[in-house]
Amino acid sequence: MKNGTKMRRFTVKDLDKRFPNDDACLEWIKNHRWPQGIECPVCNRVTKHHKVSNRTCYECDYCGHQVYPLAGTIFHKSATPLRTWFEVIHRMASTRCGISAKQIQREFGVTYKTAWRMFKQTRTLLAETSPIFAGEV
Ligand SMILES: [Zn+2]
């Protein structure tokens with residue numbers, strides 16, 4: 001993050017707009033895992049994939065090979081809808097972000113300078129580990 005730039009809060013309203021349903025969440029996870037597109041192992045190249053309805057999987061437009069974006073993630077085999085997951089993560093992330101340096105200072109009994117540094121590092125870490133809520137909405 002650049003110095004002096006304030007990160008815009010990712011509100012519950014933003015969450016609703018960006019992730020209106022499970023499909024939108026799945027789409028985000030897919031794009032996050034394969035930002036250059038999905039390389040089909042059968043076609044041996046990046047091909048167009050379409051979402052298979054009612055399943056958390058995408059299918060190659062050409063050969064029908066299927067990929068599961070959730071495999072190997074914390075969402076895999078979870079009975080909880082993706083939308084709920086995203087909401088929970090957002091809630092946790094915004095709580096962690098929401099605490100001020102002043103509060104950290106008070107609650108942890110450290111100097112303001114230390115608290116501010118902790119606050120900034122925590123925010124950076126959050127921006128890195130949950131990019132779901134960083135960047136443009
Ligand atoms: Zn294919």
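The following questions and answers go through a predicted model of one protein chain with a zinc ion.

Visitor: What is the order of helices and strands along the chain, from the N terminus on?
Guide: The secondary structure amounts to five helices and five strands. Read from the N terminus, the elements run α-α-β-β-β-β-β-α-α-α.

Visitor: What share of the chain's residues is buried?
Guide: The chain has 137 residues. A residue counts as buried when its relative accessible area is under 20%. By that cut-off the buried share is 28%.

Visitor: How much of the accessible surface belongs to carbon and sulfur atoms?
Guide: The accessible surface of the chain comes to about 9400 Å². The part of this surface that belongs to carbon and sulfur atoms is 53%.

Visitor: Among contacts with a separation of 6 or more, what percentage joins residues 24 or more positions apart?
Guide: The count takes the contacts in the chain with a separation of 6 or more. Here a contact means heavy atoms within 4.5 Å. Pairs 24 or more positions apart account for 46%.

Visitor: Which residues are the protein donors of the zinc ion?
Guide: The donor atoms are SG atoms, lying 2.3 Å from the zinc ion. In sequence the donor residues follow the spacing C-x2-C-x16-C-x2-C. They are Cys40, Cys43, Cys60 and Cys63.

Visitor: What is the geometry of the zinc site?
Guide: The angles among the four donor atoms run from 100 to 116°. Four donors count as tetrahedral if all angles lie between 85 and 135 degrees. The angles of this site fall in that range, so the geometry is tetrahedral.

Visitor: Is Cys60 buried or exposed?
Guide: Another zinc donor, Cys63, has a relative accessible area of 35% and is partly exposed. Cys60 has a relative accessibility of 1%. The cut-off for burial is under 20%, so Cys60 counts as buried.

Visitor: Which residues does Thr47 contact, leaving aside its neighbours within four places in sequence?
Guide: Thr47 sits in the loop between strand E2 (45–46) and strand E3 (49–51). Its relative accessible area is 7%, so Thr47 is buried. Two of its contacts, Cys40 and Cys60, are also donors of the zinc ion. The full set of partners is Ile38, Cys40, Cys60 and Tyr62.

Visitor: Which element gives the largest share of the largest nonpolar core?
Guide: This core has 14 residues, and those with the most contacts inside it are Phe19, Ile29, Leu70, Phe75, Leu82 and Phe86. Two or more residues come from each of helix H2 (22–33) and helix H3 (82–98). The largest share, four residues, comes from H2.

Visitor: Why does the salt bridge of Asp16 and Arg83 tie together parts that are apart in sequence?
Guide: The two side chains meet at 2.3 Å, N to O. Asp16 lies in helix H1 (residues 12–18) and Arg83 in helix H3, so the pair ties together parts that are 67 residues apart in sequence. Asp16 is partly exposed at a relative accessible area of 38%. Arg83 is buried, with a value of 13%. The parts tied together are thus in H1 and H3.

Visitor: Which residue forms a salt bridge with Asp23?
Guide: The closest N and O atoms of this pair are 3.6 Å apart. Asp23 lies in helix H2 and its partner in strand E3, so the pair ties together parts that are 28 residues apart in sequence. Asp23 is partly exposed at 43% relative accessibility, and the partner is partly exposed at 25%. That partner is Lys51.

Visitor: Which helix holds both Lys30 and Glu27?
Guide: Their side chains meet in a salt bridge, 3.6 Å from N to O. Lys30 is buried, with a relative accessible area of 12%, whereas Glu27 is partly exposed at 33%. The two residues are three apart, about one turn of the helix, and that helix is H2.

Visitor: How far apart in space are Asn54 and Asp23?
Guide: Asn54 belongs to the loop between E3 and strand E4 (58–60). Its relative accessible area is 83%, so Asn54 is exposed. Asn54 and Asp23 are 31 residues apart in sequence, and their C-alpha to C-alpha distance is 9.2 Å.

Key
Residues are numbered from 1 along each chain as its sequence is written. This is a predicted model: local features need pLDDT of at least 70, side-chain atom pairs count only at pLDDT 80 or more; totals for chains, interfaces and linings use all residues. Side-chain values use heavy atoms; hydrogens and water are left out. Donors are N, O and S atoms within 2.8 Å of the metal (3.2 Å for Na, K and Ca); water is not among the atoms, so sites may look incomplete. Four donors count as tetrahedral if all angles lie between 85 and 135 degrees; four count as square planar and six as octahedral if opposite donors are over 155 degrees apart and all others between 65 and 115; anything else is irregular. Buried means under 20% relative accessible area, exposed over 50%, partly exposed in between (1.4 Å probe, protein chains only). A nonpolar core is a set of buried Ala, Val, Leu, Ile, Met, Phe, Trp, Tyr and Cys residues joined through side-chain atoms within 4.5 Å. Accessible areas come from the Shrake-Rupley method with a 1.4 Å probe; for residues, only the protein chains shown count as cover. A salt bridge is a side-chain nitrogen of Lys or Arg within 4 Å of a carboxyl oxygen of Asp or Glu.
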